[in-house]
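Please examine the model below with attention to its side-chain contacts. The discussion that follows begins with aromatic rings, continues with charged pairs and ends with a pocket.

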Amino acid sequence: DLISNYYWDMTSSGRHALNEYYVEDATLDVNGIVYNGRKAIQSAYSGSGETATSKFHMLMNNPKIRVNGDRATAETIWTGVISDTVRVRPRLYEQGHEYDELVKQDGRWYFKKRVITSYAGLTEKYDDTYKER
């Protein structure tokens, strides 16, 4: 549920405080750009999501989740889809792989570490940091 709720909030609800899904000392690595801590992680989300004329959704596939007490790991393949209008076919925007380390605190799951790697649709922002993993 943590991963599904996170992506729902990121792409559909307009919610912008996505750092609430992370523990205070979490790490987010997106194509080699590393953000440490909630404040830095929140800065990674500025300018992402849907535009005024299109809807952006993230499809999560082939989840592999391993739970060991209050810790877990999750791996998924993700695909970004943009729907420009209701009359135009949706188009694939990007695709990649995600590896997460999760922790349970006070009965709730949080991201401890996330490594997000693009396989297609990489933007120029990551030209100097990208490494296929």
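Which residues do ring pairs link into a cluster? In this predicted model, the cluster consists of Y6, Y7, Y21, Y22 and F111, joined through ring pairs. The structure as a whole holds five aromatic pairs. In one of them, the ring centres of Y22 and F111 are 5.2 Å apart and the ring planes meet at 40°, so this pair is classed as tilted. The contact connects distant parts of the chain, since Y22 belongs to strand β1 and F111 to strand β6, with their positions 89 residues apart in the numbering. Y22 and F111 are both buried.

A further aromatic pair, formed by F56 and Y93, has an edge-to-face arrangement, with 5.6 Å from centre to centre and 80° between the planes. This pair also links distant parts of the chain: F56 lies in strand β3 and Y93 in strand β5, 37 residues apart. Are the two partners buried or exposed? F56 has a relative accessible area of 8%, and is therefore buried. Y93, at 40% relative accessibility, counts as partly exposed because its value falls between the cut-offs of 20% and 50%.

The aromatic cluster can now be related to a charged residue. R114 lies over the face of Y6, at 4.4 Å from the ring centre. R114 also lies over the face of F111, where the distance to the ring centre is 4.3 Å. Both Y6 and F111 are members of the cluster described above.

With which acidic residues does R114 form a salt bridge? One partner is E98, the closest N and O atoms being 2.7 Å apart. That salt bridge joins strand β6, which contains R114, to strand β5 (residues 91-105), which contains E98, across 16 residues of the chain. R114 and E98 are both buried. The other partner is D100, for which the closest N and O atoms are 3.3 Å apart. D100 is likewise in strand β5, 14 residues from R114 in strand β6. D100 is buried, as is R114. Through shared partners, the salt bridges join E98, D100 and R114 into one network.

In total, the structure holds six salt bridges. Another of them is formed by K112 and D25, whose closest N and O atoms are 2.8 Å apart. Here too distant parts of the chain are linked: K112 is located in strand β6 (residues 108-120) and D25 in strand β1 (residues 22-30), 87 residues apart. What is the accessibility of K112 and of D25? K112 has 25% relative accessibility and so counts as partly exposed. D25, with a relative accessible area of 51%, is exposed because this value is over the cut-off of 50%.

Finally, attention turns to empty space. The second largest pocket has a volume of about 270 Å³. Its lining comprises 15 residues, of which D1, L2, I3, S4 and I65 are the closest to the centre of the pocket. Helix α1 (2-13) and strands β3 (55-68) and β4 (71-83) are the elements that give two or more residues to this lining. What is the composition of the lining by class? There are 12 nonpolar, two polar and one charged residues in the lining of the second largest pocket.

Key: Residues are numbered from 1 along each chain as its sequence is written. This is a predicted model: local features need pLDDT of at least 70, side-chain atom pairs count only at pLDDT 80 or more; totals for chains, interfaces and linings use all residues. Side-chain values use heavy atoms; hydrogens and water are left out. A salt bridge is a side-chain nitrogen of Lys or Arg within 4 Å of a carboxyl oxygen of Asp or Glu. Helices (H or I, at least four residues) and strands (E, at least two) are DSSP runs, numbered from the N terminus. Buried means under 20% relative accessible area, exposed over 50%, partly exposed in between (1.4 Å probe, protein chains only). On a 1 Å grid over the protein atoms alone, a cavity is a set of points where a 1.4 Å probe fits but cannot get out, and a pocket is an open set with protein on both sides within 12 Å along at least five of seven lines; lining residues have an atom within 4 Å of a point. Grid points are joined across faces, edges and corners, and a volume is the space filled by probe spheres set on the points. Ala, Val, Leu, Ile, Met, Phe, Trp, Tyr, Cys and Pro count as nonpolar, Asp, Glu, Lys and Arg as charged, and the others, Gly among them, as polar. Rings of Phe, Tyr and Trp (its six-membered ring) pair if their centres lie within 6.5 Å; planes under 30 degrees apart count as stacked, over 60 as edge-to-face and the rest as tilted. A charge sits over a ring if NZ of Lys or CZ of Arg is within 6 Å of the ring centre and within 35 degrees of the ring normal.
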